[in-house]
Amino acid sequence: MTWCEYQEACMRSCQVMSNDRILDQARLGIIGETGEVCDLIKKTVFHGHPRNFDAMKKELGDVCWYIAVYAKVYGAGLYVRSFYTPLNDDDNALVSAALGMGKLAGTIGKAQKNVHRLLQLLLDEVVSMGIRFGGLPIFNIFDVNIAKLKERYPDGFSTERSLHR
């Protein structure tokens with residue numbers, strides 16, 4: 001699935017409301033889901049938990065969903081960059097990458113300018129986190145995320161299904 005296909009699939013499960021409300025929801029979602037990614041890194045690096053690849057795919061997919069929706073509504077054309085050089089995957093690199101994602105998420109939450117650039121940087125960080133954490137290809141993360149959302153919301157978003165999942 002390409003970025004454009006993913007973005008269109010994400011809009012299928014987006015709640016219908018004004019663009020300003022969608023952007024507010026996306027800002028909060030980016031911050032919250034990035035926190036989930038950071039929590040997985042914290043548990044792996046500092047609590048001795050094994051790397052949970054399935055959980056990381058789901059959390060990175062959730063971050064991607066909010067980036068995709070925000071970018072679509074905002075009108076920011078993003079793309080997935082390829083990383084051809086090996087990325088360091090040691091604990092320090094994971095912590096540094098997670099902190100970078102957290103900082104970008106917080107900046108996007110209050111940004112008035114350069115939103116397009118910030119969204120692209122965060123998408124780049126998500127791609128690199130997937131690679132660092134365990135060679136998780138971003139297009140596989142997109143597929144996992146959309147499959148989860150199709151199962152949860154077969155007819156598009158509904159408050160009832162959100163409450164009882």
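Phe157 is partly exposed, with a relative accessible area of 26%; the value is assigned to this class because it falls between the limits of 20% and 50%. The model in which this residue is described is a predicted one.

## Aromatic pairs

Eight aromatic pairs are present in the structure. One of them is formed by Tyr6 and Phe142: the ring centres are 4.1 Å apart and the planes meet at 10 degrees, so this pair is stacked. The pair joins distant parts of the chain, since Tyr6 belongs to helix H1 (residues 3–12) and Phe142 to helix H6 (residues 138–152), with their positions 136 residues apart. Tyr6 is buried, at a relative accessible area of 0%. Phe142 is likewise buried, its relative accessible area being 0%.

Phe157 is paired with Tyr153 in a tilted arrangement, with 5.3 Å from centre to centre and 45 degrees between the planes. The partner ring, that of Tyr153, is buried, with a relative accessible area of 6%, whereas Phe157 is partly exposed.

Tyr6 and Phe142 also belong to one aromatic cluster, together with Trp3 and Phe139. Elsewhere, an aromatic ring meets a charge: the charged end of Arg51 sits over the ring of Phe133, at 5.5 Å from the ring centre.

## The buried side of helix H1

Which residues of H1 are buried? They are Trp3, Tyr6, Gln7 and Cys10. Because these residues span an arc of only 100 degrees around the axis, they lie on the same side of H1. Among the elements that cover them are H3, H5 and H6. Two of these buried residues, Trp3 and Tyr6, are members of the aromatic cluster.

## Glu59, a buried charge without a salt bridge

Glu59 lies in helix H3 (residues 53–74). Glu59 is buried, yet has no salt bridge; Lys148, the nearest side chain of opposite charge, is 6.7 Å away. This distance exceeds the 4 Å limit for a salt bridge. With residues up to four places away in sequence left out, Glu59 touches Glu33, Glu36, Val37 and Leu40.

## Salt bridges

The whole structure contains six salt bridges. Lys148 takes part in one of them, with Asp62, where the closest N and O atoms are 2.5 Å apart. This pair also links distant parts of the chain: Lys148 is in helix H6 and Asp62 in helix H3, 86 residues apart.

Asp124 and Arg81 form a further salt bridge, with 2.6 Å between the closest N and O atoms. Asp124 is located in helix H5 and Arg81 in the loop between H3 and H4, so that this link spans 43 residues of the chain.

A local example is the salt bridge of Asp39 with Lys43, whose closest N and O atoms are 3.2 Å apart. Because the two residues are four places apart in helix H2 (residues 19–46), about one helical turn separates Asp39 from Lys43.

The accessibility of residues in these salt bridges is as follows.

| Residue | Class | Relative accessible area |
|---|---|---|
| Asp39 | partly exposed | 25% |
| Lys43 | partly exposed | 29% |
| Asp62 | buried | 14% |
| Asp124 | buried | 10% |
| Arg81 | partly exposed | 34% |

Through shared partners, salt bridges join Asp39, Lys42 and Lys43 into one network.

## A positive phi at Asn114

Asn114 is placed in the loop between helix H4 (91–110) and helix H5 (115–134). Its phi is near 60 degrees, a positive value in a residue other than glycine. Most residues other than glycine have a negative phi.

Conventions
Residues are numbered from 1 along each chain as its sequence is written. This is a predicted model: local features need pLDDT of at least 70, side-chain atom pairs count only at pLDDT 80 or more; totals for chains, interfaces and linings use all residues. Side-chain values use heavy atoms; hydrogens and water are left out. Rings of Phe, Tyr and Trp (its six-membered ring) pair if their centres lie within 6.5 Å; planes under 30 degrees apart count as stacked, over 60 as edge-to-face and the rest as tilted. Buried means under 20% relative accessible area, exposed over 50%, partly exposed in between (1.4 Å probe, protein chains only). A charge sits over a ring if NZ of Lys or CZ of Arg is within 6 Å of the ring centre and within 35 degrees of the ring normal. Lys and Arg count as positive and Asp and Glu as negative; His and the chain ends are not counted. Contact means heavy atoms within 4.5 Å. The arc is that of the directions from the helix axis to the C-beta atoms.
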